[in-house]
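Me: I'm new to this one, so could you walk me through the labels people put on it? I'd like to hear what stands behind each of them.

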Amino acid sequence: MTRTNGKKTISVIGLGVVGLTTAVGFALKGHKVIGIDIDPEKVRKINEGTCPIFEEGLSCALKEVNLIATADHRQALDTDITFLCGGTPPKADGSIDLFFLEEPAKQLRAVLKEKIGDHLVVVRSTVVPGTTEKVIVPVLNHNEHVGICVNPEFLREGTAVEDFMKPSRIVIGEKENKWGDMLADVYKDYNAPIMRTDFSTAEMIKQASNAYLATRVSFINEIGNICKSMGMDVYEVAKGMGLDARIGKDYLNAGIGFGGFCLPKDLSALISSAKDANYRAGILEEVQRLNINQPVRMLTLLKKHIPVLKGATIGILGLAFKADTDDIRKSKAIEIIHALQEEGAKVTAYDPQAMPNFRKVFPDSVKYATADEVLNADAVMILTEWDEFNNLDYRGKIVIDGRRVLKAREARIYEGICW
Ligand code: UDX
(Lines give C-alpha, C1' and ligand atoms only; values in the text may rest on other atoms or scores of the structure.)
Protein backbone atom coordinates (compact mmCIF):
# COMPACT_ATOMS: atom_id res chain seq x y z
CA MET A 1 0.00 0.00 0.00
CA THR A 2 1.48 3.32 -1.10
CA ARG A 3 2.10 5.66 1.77
CA THR A 4 0.76 9.21 1.60
CA ASN A 5 4.26 10.76 1.34
CA GLY A 6 4.75 8.98 -2.00
CA LYS A 7 6.93 6.30 -0.38
CA LYS A 8 6.22 2.65 -1.04
CA THR A 9 5.76 -0.28 1.28
CA ILE A 10 8.45 -2.78 0.38
CA SER A 11 9.07 -6.42 1.29
CA VAL A 12 12.45 -8.05 0.86
CA ILE A 13 12.74 -11.84 0.82
CA GLY A 14 16.13 -13.34 1.75
CA LEU A 15 18.06 -11.37 4.37
CA GLY A 16 21.69 -12.11 3.51
CA VAL A 17 24.14 -9.26 2.80
CA VAL A 18 22.24 -8.20 -0.33
CA GLY A 19 18.71 -8.57 1.06
CA LEU A 20 19.41 -7.01 4.43
CA THR A 21 21.29 -4.09 2.85
CA THR A 22 18.43 -3.57 0.39
CA ALA A 23 15.88 -3.66 3.22
CA VAL A 24 17.84 -1.35 5.50
CA GLY A 25 18.76 0.97 2.61
CA PHE A 26 15.15 1.47 1.53
CA ALA A 27 14.14 1.99 5.17
CA LEU A 28 16.84 4.69 5.45
CA LYS A 29 15.23 6.32 2.40
CA GLY A 30 11.92 6.51 4.27
CA HIS A 31 10.06 3.54 2.83
CA LYS A 32 8.24 1.15 5.14
CA VAL A 33 10.07 -2.17 4.81
CA ILE A 34 9.32 -5.71 5.91
CA GLY A 35 12.18 -8.22 5.76
CA ILE A 36 11.31 -11.88 5.25
CA ASP A 37 13.64 -14.81 5.92
CA ILE A 38 13.03 -18.46 6.76
CA ASP A 39 15.78 -18.42 9.42
CA PRO A 40 14.02 -17.68 12.76
CA GLU A 41 17.32 -16.84 14.50
CA LYS A 42 18.10 -14.19 11.89
CA VAL A 43 14.58 -12.78 12.19
CA ARG A 44 14.90 -12.60 15.97
CA LYS A 45 18.25 -10.80 15.83
CA ILE A 46 17.05 -8.24 13.28
CA ASN A 47 13.96 -7.47 15.35
CA GLU A 48 16.26 -6.90 18.34
CA GLY A 49 18.28 -4.45 16.23
CA THR A 50 21.29 -6.78 16.07
CA CYS A 51 22.93 -7.31 12.70
CA PRO A 52 23.18 -11.08 11.98
CA ILE A 53 26.23 -10.58 9.75
CA PHE A 54 29.51 -8.70 10.23
CA GLU A 55 29.00 -5.64 8.04
CA GLU A 56 29.93 -2.47 9.84
CA GLY A 57 27.70 0.05 8.05
CA LEU A 58 24.78 -2.32 8.23
CA SER A 59 25.05 -2.82 12.01
CA CYS A 60 24.89 0.93 12.57
CA ALA A 61 22.12 1.54 10.03
CA LEU A 62 19.95 -1.27 11.41
CA LYS A 63 19.78 0.59 14.72
CA GLU A 64 18.57 3.75 12.96
CA VAL A 65 15.64 2.24 11.08
CA ASN A 66 12.42 0.56 11.98
CA LEU A 67 12.79 -2.66 10.00
CA ILE A 68 10.32 -5.41 10.80
CA ALA A 69 11.53 -8.94 10.12
CA THR A 70 9.36 -12.03 9.87
CA ALA A 71 9.50 -15.62 8.63
CA ASP A 72 5.93 -15.33 7.30
CA HIS A 73 5.79 -14.78 3.53
CA ARG A 74 2.15 -13.71 3.82
CA GLN A 75 3.38 -10.37 5.19
CA ALA A 76 4.33 -9.51 1.61
CA LEU A 77 0.63 -9.15 0.86
CA ASP A 78 0.44 -5.72 2.46
CA THR A 79 3.36 -4.35 0.48
CA ASP A 80 3.56 -2.79 -3.01
CA ILE A 81 6.85 -4.28 -4.11
CA THR A 82 8.72 -7.47 -3.20
CA PHE A 83 12.46 -7.80 -3.83
CA LEU A 84 13.66 -11.39 -4.23
CA CYS A 85 17.20 -11.46 -2.79
CA GLY A 86 17.83 -15.17 -2.21
CA GLY A 87 21.39 -16.40 -2.72
CA THR A 88 22.33 -18.20 -5.92
CA PRO A 89 25.16 -20.54 -4.83
CA PRO A 90 27.31 -22.44 -7.32
CA LYS A 91 26.66 -26.06 -8.29
CA ALA A 92 29.47 -28.53 -8.98
CA ASP A 93 29.21 -28.01 -12.77
CA GLY A 94 29.75 -24.22 -12.45
CA SER A 95 26.09 -23.30 -13.04
CA ILE A 96 24.08 -21.68 -10.23
CA ASP A 97 21.49 -23.17 -7.92
CA LEU A 98 18.20 -21.26 -8.17
CA PHE A 99 16.48 -22.91 -5.20
CA PHE A 100 16.61 -19.83 -2.94
CA LEU A 101 15.14 -17.69 -5.70
CA GLU A 102 12.57 -20.12 -7.07
CA GLU A 103 11.21 -21.33 -3.74
CA PRO A 104 10.38 -17.85 -2.36
CA ALA A 105 8.88 -16.98 -5.76
CA LYS A 106 6.55 -20.00 -5.41
CA GLN A 107 5.57 -18.92 -1.91
CA LEU A 108 4.95 -15.42 -3.18
CA ARG A 109 2.71 -16.71 -5.97
CA ALA A 110 0.50 -18.43 -3.38
CA VAL A 111 0.37 -15.25 -1.28
CA LEU A 112 -0.37 -12.97 -4.24
CA LYS A 113 -3.47 -14.98 -5.18
CA GLU A 114 -5.21 -13.05 -2.41
CA LYS A 115 -3.84 -9.68 -3.47
CA ILE A 116 -6.22 -6.93 -4.48
CA GLY A 117 -4.42 -4.27 -6.51
CA ASP A 118 -1.01 -4.08 -8.17
CA HIS A 119 2.13 -5.82 -6.92
CA LEU A 120 5.63 -5.66 -8.37
CA VAL A 121 8.11 -8.52 -7.91
CA VAL A 122 11.77 -7.60 -8.42
CA VAL A 123 14.51 -10.15 -9.08
CA ARG A 124 17.58 -8.77 -7.33
CA SER A 125 19.56 -12.01 -6.97
CA THR A 126 22.41 -12.46 -9.43
CA VAL A 127 21.34 -14.84 -12.21
CA VAL A 128 22.55 -15.72 -15.69
CA PRO A 129 20.84 -14.01 -18.64
CA GLY A 130 17.47 -15.54 -19.44
CA THR A 131 16.71 -16.78 -15.89
CA THR A 132 13.93 -14.33 -15.07
CA GLU A 133 12.14 -15.02 -18.35
CA LYS A 134 12.63 -18.80 -18.27
CA VAL A 135 12.27 -19.52 -14.56
CA ILE A 136 10.67 -16.67 -12.60
CA VAL A 137 8.00 -15.60 -15.09
CA PRO A 138 6.51 -19.14 -15.26
CA VAL A 139 6.73 -19.60 -11.48
CA LEU A 140 4.91 -16.36 -10.74
CA ASN A 141 2.32 -17.07 -13.40
CA HIS A 142 1.47 -13.37 -13.19
CA ASN A 143 -1.62 -11.51 -14.38
CA GLU A 144 -1.99 -7.83 -15.26
CA HIS A 145 -1.86 -6.91 -11.56
CA VAL A 146 1.46 -8.65 -10.88
CA GLY A 147 4.51 -7.19 -12.59
CA ILE A 148 8.12 -8.38 -12.76
CA CYS A 149 11.36 -6.39 -13.02
CA VAL A 150 15.04 -7.25 -12.75
CA ASN A 151 17.21 -4.97 -10.62
CA PRO A 152 20.75 -6.28 -10.09
CA GLU A 153 22.79 -5.12 -7.12
CA PHE A 154 26.40 -3.95 -7.20
CA LEU A 155 27.11 -4.12 -3.47
CA ARG A 156 30.55 -4.93 -2.13
CA GLU A 157 30.81 -6.62 1.25
CA GLY A 158 32.26 -4.21 3.79
CA THR A 159 30.80 -1.15 2.04
CA ALA A 160 27.38 -2.54 1.15
CA VAL A 161 25.26 0.22 2.74
CA GLU A 162 27.37 2.98 1.20
CA ASP A 163 27.16 1.26 -2.19
CA PHE A 164 23.38 1.04 -1.80
CA MET A 165 22.93 4.68 -0.79
CA LYS A 166 25.32 6.02 -3.43
CA PRO A 167 25.06 3.61 -6.34
CA SER A 168 27.12 4.08 -9.51
CA ARG A 169 24.01 3.23 -11.54
CA ILE A 170 20.59 1.68 -11.20
CA VAL A 171 19.75 -0.96 -13.77
CA ILE A 172 16.11 -1.88 -14.33
CA GLY A 173 15.13 -4.80 -16.55
CA GLU A 174 11.49 -4.61 -17.58
CA LYS A 175 8.97 -5.88 -20.09
CA GLU A 176 6.24 -3.30 -19.61
CA ASN A 177 6.73 0.41 -18.90
CA LYS A 178 4.16 0.41 -16.12
CA TRP A 179 6.31 -1.79 -13.89
CA GLY A 180 9.61 -0.19 -14.86
CA ASP A 181 8.06 3.21 -14.00
CA MET A 182 6.98 1.90 -10.61
CA LEU A 183 10.50 0.68 -9.79
CA ALA A 184 12.17 3.82 -11.21
CA ASP A 185 9.92 5.84 -8.90
CA VAL A 186 11.39 4.05 -5.87
CA TYR A 187 14.85 5.16 -6.98
CA LYS A 188 13.90 8.70 -8.03
CA ASP A 189 15.77 10.50 -5.25
CA TYR A 190 19.05 8.61 -5.78
CA ASN A 191 21.80 10.60 -7.39
CA ALA A 192 22.63 7.97 -10.01
CA PRO A 193 21.81 7.29 -13.66
CA ILE A 194 18.90 4.91 -14.14
CA MET A 195 19.26 2.57 -17.09
CA ARG A 196 16.12 0.83 -18.28
CA THR A 197 16.41 -2.21 -20.48
CA ASP A 198 15.02 -5.72 -20.96
CA PHE A 199 15.31 -8.60 -18.45
CA SER A 200 18.23 -10.46 -20.05
CA THR A 201 20.30 -7.34 -20.68
CA ALA A 202 19.90 -6.29 -17.05
CA GLU A 203 20.99 -9.77 -15.95
CA MET A 204 23.96 -9.68 -18.33
CA ILE A 205 25.05 -6.19 -17.15
CA LYS A 206 25.52 -7.67 -13.67
CA GLN A 207 27.29 -10.80 -14.91
CA ALA A 208 29.53 -8.88 -17.30
CA SER A 209 30.41 -6.31 -14.60
CA ASN A 210 31.60 -8.97 -12.19
CA ALA A 211 33.39 -10.87 -14.97
CA TYR A 212 35.17 -7.64 -15.91
CA LEU A 213 36.24 -6.94 -12.31
CA ALA A 214 37.54 -10.51 -12.06
CA THR A 215 39.35 -10.03 -15.37
CA ARG A 216 41.06 -6.88 -14.11
CA VAL A 217 42.28 -8.70 -11.01
CA SER A 218 43.62 -11.67 -12.98
CA PHE A 219 45.10 -9.29 -15.55
CA ILE A 220 47.07 -7.32 -12.98
CA ASN A 221 48.08 -10.58 -11.28
CA GLU A 222 49.48 -11.78 -14.58
CA ILE A 223 51.34 -8.48 -15.09
CA GLY A 224 52.54 -8.85 -11.49
CA ASN A 225 53.82 -12.36 -12.10
CA ILE A 226 55.74 -11.04 -15.12
CA CYS A 227 57.03 -8.02 -13.14
CA LYS A 228 58.31 -10.26 -10.35
CA SER A 229 60.24 -12.43 -12.77
CA MET A 230 61.74 -9.27 -14.30
CA GLY A 231 62.51 -7.65 -10.93
CA MET A 232 59.91 -4.87 -11.12
CA ASP A 233 57.23 -3.60 -8.78
CA VAL A 234 53.73 -4.19 -10.20
CA TYR A 235 52.22 -1.65 -7.78
CA GLU A 236 54.31 1.11 -9.38
CA VAL A 237 53.24 -0.17 -12.80
CA ALA A 238 49.56 -0.23 -11.76
CA LYS A 239 49.87 3.31 -10.38
CA GLY A 240 51.13 4.51 -13.74
CA MET A 241 48.44 2.60 -15.61
CA GLY A 242 45.67 3.90 -13.35
CA LEU A 243 46.53 7.52 -14.14
CA ASP A 244 45.09 6.92 -17.60
CA ALA A 245 41.42 7.88 -17.28
CA ARG A 246 40.52 5.14 -19.76
CA ILE A 247 41.97 2.54 -17.39
CA GLY A 248 41.39 3.93 -13.87
CA LYS A 249 43.05 2.72 -10.69
CA ASP A 250 40.46 0.38 -9.16
CA TYR A 251 40.77 -3.42 -9.12
CA LEU A 252 44.46 -3.27 -9.99
CA ASN A 253 45.79 -4.53 -6.65
CA ALA A 254 47.83 -7.59 -7.53
CA GLY A 255 47.90 -10.47 -5.05
CA ILE A 256 46.59 -13.95 -4.29
CA GLY A 257 43.52 -13.58 -6.51
CA PHE A 258 39.83 -12.90 -6.07
CA GLY A 259 37.62 -14.81 -3.64
CA GLY A 260 34.27 -14.20 -1.97
CA PHE A 261 30.79 -15.39 -2.72
CA CYS A 262 30.28 -13.45 -5.94
CA LEU A 263 33.20 -13.00 -8.32
CA PRO A 264 34.28 -16.68 -8.54
CA LYS A 265 30.77 -18.10 -8.86
CA ASP A 266 29.48 -15.43 -11.23
CA LEU A 267 32.47 -16.01 -13.47
CA SER A 268 31.86 -19.79 -13.49
CA ALA A 269 28.16 -19.24 -14.15
CA LEU A 270 28.87 -16.99 -17.12
CA ILE A 271 31.38 -19.46 -18.57
CA SER A 272 28.86 -22.25 -18.07
CA SER A 273 25.92 -20.35 -19.62
CA ALA A 274 28.11 -19.31 -22.58
CA LYS A 275 28.90 -23.01 -23.05
CA ASP A 276 25.17 -23.79 -23.06
CA ALA A 277 24.86 -21.21 -25.83
CA ASN A 278 27.66 -23.03 -27.73
CA TYR A 279 30.30 -20.37 -27.08
CA ARG A 280 33.65 -21.01 -25.44
CA ALA A 281 34.49 -18.03 -23.22
CA GLY A 282 38.26 -18.35 -23.64
CA ILE A 283 39.27 -15.10 -21.91
CA LEU A 284 37.06 -15.85 -18.92
CA GLU A 285 38.38 -19.41 -18.67
CA GLU A 286 41.91 -18.02 -18.53
CA VAL A 287 40.89 -15.45 -15.87
CA GLN A 288 39.65 -18.38 -13.80
CA ARG A 289 42.79 -20.47 -14.43
CA LEU A 290 45.06 -17.61 -13.34
CA ASN A 291 42.97 -17.14 -10.21
CA ILE A 292 43.35 -20.80 -9.28
CA ASN A 293 47.08 -20.59 -9.89
CA GLN A 294 47.93 -17.61 -7.64
CA PRO A 295 47.74 -19.65 -4.39
CA VAL A 296 50.01 -22.25 -6.01
CA ARG A 297 52.57 -19.45 -6.52
CA MET A 298 52.40 -18.65 -2.80
CA LEU A 299 53.33 -22.26 -2.02
CA THR A 300 56.18 -22.20 -4.55
CA LEU A 301 57.58 -19.01 -2.99
CA LEU A 302 57.32 -20.50 0.49
CA LYS A 303 59.19 -23.63 -0.58
CA LYS A 304 62.05 -21.50 -1.90
CA HIS A 305 62.81 -20.80 1.76
CA ILE A 306 61.33 -23.84 3.51
CA PRO A 307 61.82 -26.66 0.97
CA VAL A 308 60.40 -29.39 3.23
CA LEU A 309 57.05 -28.42 4.69
CA LYS A 310 56.51 -31.70 6.54
CA GLY A 311 56.74 -30.89 10.25
CA ALA A 312 57.20 -27.14 9.71
CA THR A 313 54.81 -24.67 11.34
CA ILE A 314 53.37 -22.11 8.94
CA GLY A 315 51.62 -19.04 10.31
CA ILE A 316 48.67 -17.57 8.41
CA LEU A 317 47.74 -13.91 8.85
CA GLY A 318 44.27 -13.35 7.40
CA LEU A 319 41.50 -15.85 6.70
CA ALA A 320 38.72 -13.63 5.31
CA PHE A 321 38.47 -13.35 1.51
CA LYS A 322 39.24 -9.64 1.84
CA ALA A 323 39.63 -7.14 4.67
CA ASP A 324 36.69 -5.70 6.65
CA THR A 325 34.55 -8.81 6.43
CA ASP A 326 34.26 -12.09 8.35
CA ASP A 327 33.28 -13.88 5.14
CA ILE A 328 35.52 -16.80 4.23
CA ARG A 329 33.58 -18.08 1.23
CA LYS A 330 36.05 -18.91 -1.55
CA SER A 331 38.79 -17.35 0.55
CA LYS A 332 42.22 -18.22 -0.83
CA ALA A 333 43.19 -19.13 2.74
CA ILE A 334 41.10 -22.31 2.42
CA GLU A 335 43.00 -23.54 -0.66
CA ILE A 336 46.38 -22.54 0.76
CA ILE A 337 45.81 -24.21 4.14
CA HIS A 338 44.58 -27.41 2.47
CA ALA A 339 47.75 -27.46 0.34
CA LEU A 340 50.01 -26.82 3.35
CA GLN A 341 48.36 -29.61 5.32
CA GLU A 342 48.62 -32.02 2.40
CA GLU A 343 52.38 -31.49 2.54
CA GLY A 344 52.41 -32.21 6.28
CA ALA A 345 52.80 -28.63 7.58
CA LYS A 346 51.24 -27.52 10.88
CA VAL A 347 49.14 -24.35 10.59
CA THR A 348 48.57 -21.59 13.11
CA ALA A 349 46.26 -18.80 12.03
CA TYR A 350 44.93 -15.42 13.05
CA ASP A 351 42.21 -13.19 11.62
CA PRO A 352 40.59 -10.26 13.44
CA GLN A 353 37.04 -11.27 12.41
CA ALA A 354 36.91 -14.50 10.44
CA MET A 355 38.20 -17.10 12.94
CA PRO A 356 34.72 -18.23 14.12
CA ASN A 357 33.64 -18.86 10.51
CA PHE A 358 36.93 -20.54 9.65
CA ARG A 359 36.64 -22.84 12.65
CA LYS A 360 33.49 -24.30 11.07
CA VAL A 361 35.57 -25.46 8.07
CA PHE A 362 38.79 -26.34 9.96
CA PRO A 363 37.61 -27.15 13.51
CA ASP A 364 40.69 -29.06 14.73
CA SER A 365 43.48 -29.10 12.15
CA VAL A 366 44.28 -25.36 12.45
CA LYS A 367 45.56 -23.80 15.66
CA TYR A 368 43.85 -20.43 16.13
CA ALA A 369 46.13 -17.95 17.83
CA THR A 370 47.00 -14.28 18.30
CA ALA A 371 48.89 -12.42 15.58
CA ASP A 372 52.05 -12.46 17.76
CA GLU A 373 51.82 -16.22 18.22
CA VAL A 374 51.40 -16.65 14.47
CA LEU A 375 54.60 -14.67 13.94
CA ASN A 376 56.50 -17.33 15.92
CA ALA A 377 55.95 -19.90 13.15
CA ASP A 378 58.80 -21.05 10.87
CA ALA A 379 57.35 -18.81 8.15
CA VAL A 380 54.34 -16.52 7.83
CA MET A 381 51.96 -16.06 4.90
CA ILE A 382 49.84 -12.89 4.67
CA LEU A 383 46.52 -13.66 2.97
CA THR A 384 44.21 -10.74 3.86
CA GLU A 385 45.04 -7.02 3.79
CA TRP A 386 43.81 -6.13 7.30
CA ASP A 387 45.15 -2.70 8.36
CA GLU A 388 46.33 -4.06 11.70
CA PHE A 389 48.88 -6.28 9.93
CA ASN A 390 50.80 -3.05 9.31
CA ASN A 391 51.41 -2.74 13.06
CA LEU A 392 53.13 -6.09 13.63
CA ASP A 393 56.83 -6.68 14.22
CA TYR A 394 58.11 -8.82 11.36
CA ARG A 395 61.84 -8.41 12.12
CA GLY A 396 63.75 -11.68 11.92
CA LYS A 397 60.85 -13.56 10.27
CA ILE A 398 60.31 -15.24 6.91
CA VAL A 399 57.26 -13.64 5.29
CA ILE A 400 55.46 -14.57 2.05
CA ASP A 401 53.09 -11.69 1.35
CA GLY A 402 50.02 -12.18 -0.85
CA ARG A 403 48.52 -8.76 -0.09
CA ARG A 404 51.22 -6.12 -0.09
CA VAL A 405 51.48 -5.28 3.61
CA LEU A 406 54.27 -2.70 3.52
CA LYS A 407 55.48 -3.16 7.10
CA ALA A 408 56.20 -6.83 6.38
CA ARG A 409 59.15 -5.76 4.21
CA GLU A 410 61.20 -5.42 7.40
CA ALA A 411 61.19 -9.25 7.64
CA ARG A 412 64.53 -11.11 7.45
CA ILE A 413 63.28 -12.79 4.29
CA TYR A 414 60.42 -11.10 2.44
CA GLU A 415 58.74 -12.35 -0.72
CA GLY A 416 55.77 -10.61 -2.33
CA ILE A 417 53.66 -12.80 -4.60
CA CYS A 418 53.90 -10.42 -7.58
CA TRP A 419 56.56 -7.96 -6.46
C1 UDX B 1 31.76 -8.16 -5.60
C2 UDX B 1 31.45 -6.99 -6.55
O3 UDX B 1 32.46 -6.01 -6.43
C4 UDX B 1 30.08 -6.42 -6.26
O5 UDX B 1 29.76 -5.38 -7.18
C6 UDX B 1 29.08 -7.54 -6.39
O7 UDX B 1 27.80 -7.14 -6.32
C8 UDX B 1 29.42 -8.63 -5.37
O9 UDX B 1 30.73 -9.11 -5.66
P10 UDX B 1 32.67 -8.48 -3.12
O11 UDX B 1 32.49 -9.95 -3.30
O12 UDX B 1 32.25 -7.87 -1.84
O13 UDX B 1 31.92 -7.66 -4.28
O14 UDX B 1 34.23 -8.24 -3.30
P15 UDX B 1 35.18 -7.20 -4.05
O16 UDX B 1 35.46 -6.06 -3.17
O17 UDX B 1 34.72 -6.92 -5.42
O18 UDX B 1 36.51 -8.11 -4.10
C19 UDX B 1 36.46 -9.42 -4.70
C20 UDX B 1 37.77 -10.12 -4.55
O21 UDX B 1 38.75 -9.53 -5.40
C22 UDX B 1 38.38 -10.10 -3.15
O23 UDX B 1 38.94 -11.35 -2.84
C24 UDX B 1 39.46 -9.04 -3.23
O25 UDX B 1 40.50 -9.25 -2.32
C26 UDX B 1 39.93 -9.24 -4.67
N27 UDX B 1 40.54 -8.05 -5.25
C28 UDX B 1 39.81 -6.93 -5.47
C29 UDX B 1 41.88 -8.07 -5.59
O30 UDX B 1 42.57 -9.09 -5.42
N31 UDX B 1 42.44 -6.96 -6.15
C32 UDX B 1 41.72 -5.83 -6.38
O33 UDX B 1 42.30 -4.86 -6.88
C34 UDX B 1 40.37 -5.80 -6.02
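Reply: Sure, and let's begin with the cysteines: the structure holds zero disulfides. One thing to know early is that this is a predicted model, where local features need pLDDT of at least 70, side-chain atom pairs count only at pLDDT 80 or more, and totals for chains, interfaces and linings use all residues. Residues are numbered from 1 along each chain as its sequence is written, and side-chain values use heavy atoms, with hydrogens and water left out.

Me: How do you know that Cys-60 is in no disulfide?

Reply: A disulfide is a covalent bond between the sulfur atoms of two cysteines. Here the term is given to a pair of cysteine sulfur atoms within 2.5 Å. For Cys-60 the nearest cysteine sulfur belongs to Cys-51 and is 9.3 Å away, so Cys-60 is in no disulfide.

Me: And what makes Cys-418 a cysteine in no disulfide?

Reply: It's the distance again: the nearest cysteine sulfur, that of Cys-227, is 8.5 Å from the one in Cys-418.

Me: Why is Cys-418 called buried?

Reply: Buried means under 20% relative accessible area, exposed means over 50%, and partly exposed is in between (1.4 Å probe, protein chains only). Cys-418 has 0% relative accessibility, so it counts as buried.

Me: Why is Asn-278 called exposed?

Reply: Its relative accessible area is 74%, so Asn-278 goes down as exposed. You'll find Asn-278 in the loop between α10 (263-276) and α11 (282-305); helices here are DSSP runs of H or I with at least four residues, strands are runs of E with at least two, and both are numbered from the N terminus. Tyr-279 lies in the loop between α10 and α11 too, and with 56% relative accessibility Tyr-279 counts as exposed.

Me: What makes the phi of Asn-278 worth a mention?

Reply: Most residues other than glycine have a negative phi. Asn-278 is not a glycine, yet its phi is positive, near 65°. Asp-324, also not a glycine, has a positive phi of about 65°.

Me: Where is Asp-324, and why is Asp-324 called partly exposed?

Reply: Asp-324 sits in the loop between β9 (313-317) and α12 (332-342). Its relative accessibility is 48%, so it counts as partly exposed. Over in helix α12 there is His-338, which at 42% is partly exposed as well.

Me: Now the ligand. What makes a residue part of its surroundings?

Reply: A residue is near a molecule if one of its heavy atoms lies within 4 Å of it. On that basis 20 residues surround the ligand, with Glu-157, Tyr-251, Asn-253, Gly-259 and Lys-322 the closest. Helix α8 (residues 199-230) gives the largest share of the shell, four residues.

Me: Why is the pair between Glu-157 and the ligand a polar contact?

Reply: A polar contact is a pair of N or O atoms within 3.5 Å; within protein, one must be able to donate a hydrogen and the other to accept it, and residues adjacent in sequence count only if both atoms are side-chain atoms. A polar backbone atom of Glu-157 is 2.7 Å from a ligand oxygen, so the pair fits. A backbone N or O atom of Gly-259 is 2.9 Å from a ligand oxygen, and for Phe-321 the distance is 3.0 Å, again from a backbone N or O atom to a ligand oxygen.
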